[in-house]
Amino acid sequence: MRLTISRALHDRLIALAAAEPGREVCGLLLGADATVADVVPAANVAADPARRFEIDPTALFAAIRAERAGGFAILGHYHSHPGGDARPSAEDTRLAIDDGRVWVIVAGGSFTAWRRQGDHFAKVAIERVEMSPNCD
C-alpha cells in the first residue's frame, strides 16, 4: 500500500501538531483509494491528552454518516507524539485494532504512516504530490 497526500495537506498536519506542542492532536484522514483528500481535525477527548489520544466520537460519527451518504471514506486517522518520534508507541500498539485503516503519526516536523497487521505495525509508504488529488 502507498498513501498519497498533497503537500498542502502534509504541511497542514505538521502545522496542526506544531500548534499544540504539549498535547497529542488528532483527527481523521478522508479520501478514496489510499489518496487523502481531506484532513479533519478532531478534539482529543482522552483523559490525559499530553500522553494519549482519543478522537472525539462526535467527529468520528459525523465522518461515518458522511461516508455512508456517499462522501469520502475514512482512510484512517492521525495523531501527534509531542516530544516523541513518529513511530507507534507501546500505547499505540496496545490500543490499535487491525481494521485496515492507516495510522499517521506526526512528530518532530514530519510524519510517518502505519497499518496495524496482526500484533504489529507495518510501515506504509507515503507519496507526496503537489496538488490535492481528485478522489471522485
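# Exercises on pockets, rings and loops

Ala 34 is buried, with a relative accessible area of 16%; buried means under 20% relative accessible area, exposed over 50%, and partly exposed in between (1.4 Å probe, protein chains only). The model is predicted, so local features need pLDDT of at least 70 and side-chain atom pairs count only at pLDDT 80 or more, while totals for chains, interfaces and linings use all residues. Residues are numbered from 1 along each chain as its sequence is written, and side-chain values use heavy atoms, with hydrogens and water left out.

## Exercise 1: two loop residues

Task: Find where Asp 33 and Ala 34 lie, and sort each as buried or exposed.

Solution:

Step 1. Start with the place. Asp 33 lies in the loop between β2 (26–32) and β3, and Ala 34 is found in the loop between β2 and β3 too. Strands (E, at least two residues) and helices (H or I, at least four) are DSSP runs, numbered from the N terminus.

Step 2. Now apply the cut-offs. Asp 33 has a relative accessible area of 76%, so Asp 33 is exposed. Ala 34, at 16%, is buried.

Step 3. Look at the backbone. Most residues other than glycine have a negative phi. Asp 33 is not a glycine, yet has a positive phi of about 50°. Ala 34, also not a glycine, has a positive phi of about 65°.

## Exercise 2: the largest pocket

Task: Describe the space in the largest pocket and the residues that line it.

Solution:

Step 1. Get the idea first. Rolling a probe the size of a water molecule over the atoms shows where empty space is left. On a 1 Å grid over the protein atoms alone, a cavity is a set of points where a 1.4 Å probe fits but cannot get out, whereas a pocket is an open set with protein on both sides within 12 Å along at least five of seven lines. Grid points are joined across faces, edges and corners, and the volume is the space filled by probe spheres set on the points.

Step 2. Read the volume: the largest pocket holds about 470 Å³ of space. Its lining has 20 residues, and the closest to the centre are Phe 53, Ile 55, His 77, Leu 95 and Trp 103. Lining residues have an atom within 4 Å of a point.

Step 3. Ask which elements contribute. β4 (73–80) and α3 (90–95) each supply at least two residues of this lining.

Step 4. Sort the lining by chemistry: nine residues are nonpolar, three polar and eight charged. Here Ala, Val, Leu, Ile, Met, Phe, Trp, Tyr, Cys and Pro count as nonpolar, Asp, Glu, Lys and Arg as charged, and the others, Gly among them, as polar.

## Exercise 3: a cluster of rings

Task: How many aromatic pairs does a search of the whole structure find, and which residues do the ring pairs link into a cluster?

Solution:

Step 1. Rings of Phe, Tyr and Trp (its six-membered ring) pair if their centres lie within 6.5 Å; planes under 30 degrees apart count as stacked, over 60 as edge-to-face and the rest as tilted. The search finds two pairs.

Step 2. Take Phe 53 and Trp 103. Their ring centres are 6.0 Å apart and their planes stand at 85°, so this pair is edge-to-face. The pair links distant parts of the chain, 50 residues apart: Phe 53 is in the loop between β3 (35–42) and α2 (57–68), and Trp 103 is in strand β5 (residues 102–107). Both residues are buried.

Step 3. Take Trp 103 and Phe 121. This pair is edge-to-face as well, with 5.3 Å centre to centre and 75° between the planes. Phe 121 lies in strand β7 (residues 120–129) and Trp 103 in β5, so the pair ties together parts 18 residues apart in sequence.

Step 4. Put the pairs together: Phe 53, Trp 103 and Phe 121 form a cluster.

## Exercise 4: charges over rings

Task: Which ring does the charged end of Arg 128 sit over, and which residues does Arg 128 touch?

Solution:

Step 1. A charge sits over a ring if NZ of Lys or CZ of Arg is within 6 Å of the ring centre and within 35 degrees of the ring normal. The charged end of Arg 128 sits over the ring of Phe 111, 5.3 Å from its centre. Elsewhere, Arg 116 lies over the face of Phe 121, at 5.5 Å from the ring centre.

Step 2. Arg 128 is found in strand β7, and at 31% relative accessibility it counts as partly exposed.

Step 3. Contact means heavy atoms within 4.5 Å. Not counting residues up to four places away in sequence, Arg 128 touches Ile 5, Arg 7, His 10 and Phe 111.
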